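Q: Please choose one part of this model and describe it closely for a bench biochemist. Please also set that part in the context of the rest of the chain.

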Amino acid sequence: MNKLGKLEKVNLRDIWPNEEYDFSVWLSKEENLKELSNTIGIDIVLEERESAVGKYSVDIYGKEEGTERKVVIENQLEDSNHDHLGKIITYASGKDAKTIIWIVKRARDEHRQAIEWLNSHTDEEVGFFLLEIESEIKLLNSKVENTAKTIPVHKNTFFYSFINESSESITFII
């Protein structure tokens, strides 16, 4: 019989040392994009990783399944910052994206407010999501290590009416 060990927090960079080569590769796998899709209520199909936007590149470029609606995903394994806020707007405009997803370690209040403002000042066809990697937990026992990550979608960062407005967050565990 396997004995459960203790739960301990782990640093995101211990799981994915590099955003481009580790986290983006992991997130772009079909099963992980499906989990993200289930979380935000939009079926995302990968088009390209590190997709060119002029002389820059967006981490993940996709489309909403069954439509031509374009999706851009920018990853940031650190706290949100102004640089990445500018990047998501640049990538959204360069790709003419309708769904913009920004994944961060911790969303600063100013950036939550900026995403909320963008959602309230753009039309219903465009939506910005700010996803925060809330915790990193490793299950330890004598034989295996499993890693669980929870990512809540904050209620001020959605635009589809079928998501329950009364909930504080929607969480998935991989």
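A: The answer below begins with the chain, turns to one packed pair of helices, and then visits several individual residues.

The model is predicted, so local features are described at a pLDDT of at least 70 and side-chain atom pairs at 80 or more, whereas totals for chains, interfaces and linings use all residues. Residues are numbered from 1 along each chain as its sequence is written, and side-chain values use heavy atoms, without hydrogens and water.

The protein chain has 5 helices and 9 strands, which are DSSP runs numbered from the N terminus (helices: H or I, at least four residues; strands: E, at least two). From the N terminus on, the order of elements is β-α-α-α-β-β-β-α-β-α-β-β-β-β. Of the 174 residues, 44% are buried, a term for a relative accessible area under 20% (exposed is over 50%, partly exposed in between; 1.4 Å probe, protein chains only). Among contacts (heavy atoms within 4.5 Å) with a separation of 6 or more, 60% join residues 24 or more positions apart.

The part chosen for the close look is the pairing of helix 4 (residues 82-95) with helix 5 (residues 109-121). Two packed helices are described by the angle between their axes and the distance between the axes. Here the angle is about 20 degrees and the axes lie 11 Å apart; axes are lines fitted to C-alpha atoms over the stretch in contact, and angles run from 0 to 180 degrees between N-to-C directions. Helix 4 and helix 5 are therefore roughly parallel (under 35 degrees; over 145 is roughly antiparallel, 65 to 115 roughly perpendicular, the rest oblique). The crossing of helix 4 past helix 5 is right-handed, meaning that the near helix is turned clockwise from the far one by less than a right angle (anticlockwise would be left-handed). From helix 4, His 82, Leu 85, Ile 88 and Ile 89 meet His 111, Ala 114, Ile 115 and Leu 118 of helix 5. These residues divide into 6 nonpolar, 2 polar and no charged; nonpolar covers Ala, Val, Leu, Ile, Met, Phe, Trp, Tyr, Cys and Pro, charged covers Asp, Glu, Lys and Arg, and the others, Gly among them, are polar.

The loop between helix 4 and strand 5 (99-106) holds Asp 96. Phi of Asp 96 is near 55 degrees, a positive value in a residue other than glycine, and Asp 96 is partly exposed at 46% relative accessibility. A further residue with positive phi is Glu 50, near 50 degrees and likewise not glycine. Glu 50 belongs to strand 2 (residues 44-53) and is partly exposed at 23%.

Elsewhere, Leu 27 in helix 2 (residues 19-27) is buried at 4% relative accessibility. Beyond four places away in sequence, Leu 27 touches Asn 32, Leu 33, Leu 36, Ile 60, Ile 73, Asn 75 and Ile 103. With Ile 73, the separation is 46 residues in sequence and 9.8 Å in space, C-alpha to C-alpha.

Two polar contacts complete the description. A polar contact is a pair of N or O atoms within 3.5 Å; within protein, one must be able to donate a hydrogen and the other to accept it, and residues adjacent in sequence count only if both atoms are side-chain atoms. Thr 39, in helix 3 (residues 30-40), is buried at 5%, and a polar atom of its side chain lies 2.9 Å from the backbone oxygen of Glu 35. Glu 64, in strand 3 (residues 56-64), is buried at 15%, and its side chain makes a polar contact with that of Arg 69 (2.8 Å).
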